[in-house]
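Reader: I am a first-year student, and I should be grateful for a close look at the aromatic rings in this model. Please set out the answer as one connected account.

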Amino acid sequence: MGPRGPLPTTRITKTKINGPAKKEKKWNVTIRLPMVMVMPMGAAIVYKLYRALTYGVSPLVYLHLRWRKIRGREHPLRWPERLGRPSVSRPPGPLIWFHAVSLGEGMAAIPVIKHCRRLRPDLHILMTTTTHSAFEVIKNRLPSGVIYQFCPLDIPVAVDAFLGYWKPSAIIIIEGELWPNLIMGASKRGIALGLLNARVSTKSFKQWSGPLFRPLISLLLSKFSLIAPLSTLQAIRFQLLEASPFTINFSGDLKYVHEYDESEGDIGSIEDLKASLAHRQVWMASSIHRGEEKVMLAVHKVLMQKNPNLVTIIVPRHPQHGKEIAQKLQKEGEVVALRSRHEKLMPRTNVYVVDTLGELRQLYKLTPIAVIGGSFLPGLAGHNISEAAAAGCAVLTGPHIGHYSNMVLAMQRLNPKSVLQVSGKSELEEALSQLFSDARVLEAQQMAAKEAFCALSSGIIANVWNLLNFHVFRRALC
């Protein structure tokens with residue numbers, strides 16, 4: 001249990017009588033009242049306020065959902081699932097629900113789901129995500145028989161309808177989705193809860209540690225049978241937020257686990273692209289956010305002066321951003337190929353823009369060098385570097401890496417050459433110039449990244465499965 005300041009005390013006065021005359025003798029007794037005695041009342045009040053608020057705004061949430069559907073941000077046909085309305089029938093028998101917010105977390109859950117299907121074919125699996133982009137990619141990656149729905153919004157009507165219909169035996173949440181109505185509703189129904197790849201950002205930790213949210217967060221965490229944190233720092237944060245030490249167990253980072261299959265991208269076109277790049281110098285800037293393309297294209301222009309045969313592959317975080325980058329470069333006279341249009345690489349093409357989703361792991365196989373975006377501007381928090389390492393790329397990243405610092409440090413501890421972190425544009429130019437000019441340095445960094453990945457990815461799924469079996473499934477499926 002984390003520090004909370006001085007515990008409340010009370011003073012008790014006792015009176016002792018000696019003989020006929022009354023002599024008052026006082027003892028000062030200090031009684032320490034553990035905060036857990038007063039926590040439930042405060043947490044209950046905060047939760048009731050939250051539930052009442054979310055119930056009251058439900059009509060507005062419904063209108064907002066319709067507006068998002070019109071804007072193309074929700075699935076045009078399946079958006080009612082966000083209100084807890086199912087689109088398929090529930091099969092009879094025990095059902096385990098896996099939930100992930102977006103694409104990265106969803107991809108991390110798939111190996112666990114596959115393992116579960118192999119070892120417990122008697123269990124039905126329900127998978128949910130929140131974002132439309134994740135749905136479009138993950139729907140083709142799940143094993144046969146897995147039910148895929150959109151996660152309900154955390155409003156009472158939607159959550160109650162969802163839990164009442166699907167009746168899961170256990171809920172496994174990936175990373176940090178602590179929705180009060182969902183967690184409290186599951187607990188009320190006796191549904192076991194597990195949290196994998198558990199993390200709390202620095203910003204959230206500061207907010208949740210405050211007097212308003214801390215009682216509620218402590219209450220929510222008390223409902224979990226298993227919390228598997230990403231790192232020792234994350235474990236400490238969960239303990240300071242008063243998660244039970246008995247529920248906190250390490251398993252390894254699921255984002256190290258990669259399973260390649262033929263559904264990941266257009267394999268044929270990727271092989272054609274690989275052949276087109278065979279005699280070119282190539283590097284990739286992946287998962288870049290708005291504004292970072294300026295850094296990458298500025299570096300590209302510098303490198304082109306020394307390497308006119310260069311091809312820079314740009315993979316923005318969002319496909320629309322890729323289309324905008326290509327249009328801007330074409331107006332400037334650059335010869336650009338856009339992946340969604342199936343444009344071929346010509347001898348004069350120096351920039352290849354990928355404006356599609358779900359192909360990144362395969363695309364990493366095209367390049368010896370990968371610069372991971374989401375890390376070159378303040379306010380960003382990095383992206384998964386292990387996918388590039390798994391493909392055997394020399395891995396570079398910027399200074400703003402957020403919770404991915406755990407992954408970077410873990411790989412660098414195994415081999416300092418496995419990940420090169422640069423401070424910005426100038427250092428990135430210098431590092432890439434050296435990699436292109438010295439084949440031995442490039443090969444050493446590629447090998448270091450691959451070896452570090454292999455060491456860190458070993459045994460994770462087995463560890464996760466053992467923890468789920470012991471802490472969650474044993475209770476849920478008894």
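Author: In this predicted model, the charged end of Arg-474 sits over the ring of Phe-470, at 4.1 Å from the ring's centre. That contact sets a charge against an aromatic ring; the contacts between one ring and another come next. Across the whole structure, a search finds seven aromatic pairs. One of them joins Phe-162 to Trp-166, with 6.3 Å centre to centre and 45° between the planes, a tilted arrangement. The pair counts because its centres lie within 6.5 Å, and the label is "tilted" because an angle of 45° is neither under 30 degrees, as stacking requires, nor over 60, as edge-to-face requires.

Where do Phe-162 and Trp-166 lie? Both belong to helix 5, which covers residues 156-166, and they are four residues apart, about one turn of the helix. Phe-162 has a relative accessible area of 2% and is therefore buried. Trp-166 is buried as well, with a value of 0%. Trp-166 also pairs with Tyr-165, and here the geometry is edge-to-face: the centres are 5.0 Å apart and the planes meet at 85°. Tyr-165, in contrast to a buried residue, counts as partly exposed, because its relative accessibility is 31%, and the buried class ends under 20%. These three residues, together with Trp-97, form one aromatic cluster.

The backbone just beyond this part also deserves attention. Lys-167 is found in the loop between helix 5 and strand 6, the latter spanning 170-174. The phi angle of Lys-167 is near 45°, a positive value although the residue is not glycine. Is Lys-167 buried or exposed? Its relative accessible area is 54%, so Lys-167 is exposed.

A further positive phi in a residue other than glycine belongs to Glu-242, where the angle is near 75°. Glu-242 is likewise a loop residue, placed between helix 9 (232-240) and helix 10 (267-276). With a relative accessible area of 11%, however, Glu-242 is buried. To return to the aromatic part you asked about: Trp-166 takes part in a tilted pair with Phe-162 and in an edge-to-face pair with Tyr-165.

Note on methods. Residues numbered from 1 in each chain as written. Predicted model: local features only at pLDDT ≥ 70, side-chain atom pairs only at ≥ 80, totals over all residues. Heavy atoms only, no water. Phe/Tyr/Trp six-rings, centres within 6.5 Å; stacked < 30°, edge-to-face > 60°. Helix = DSSP H or I, 4+ residues; strand = E, 2+ residues; numbered from the N terminus. Buried < 20%, exposed > 50% of the residue type's maximum accessible area, 1.4 Å probe, protein only. Lys NZ or Arg CZ within 6 Å of the ring centre and 35° of its normal.
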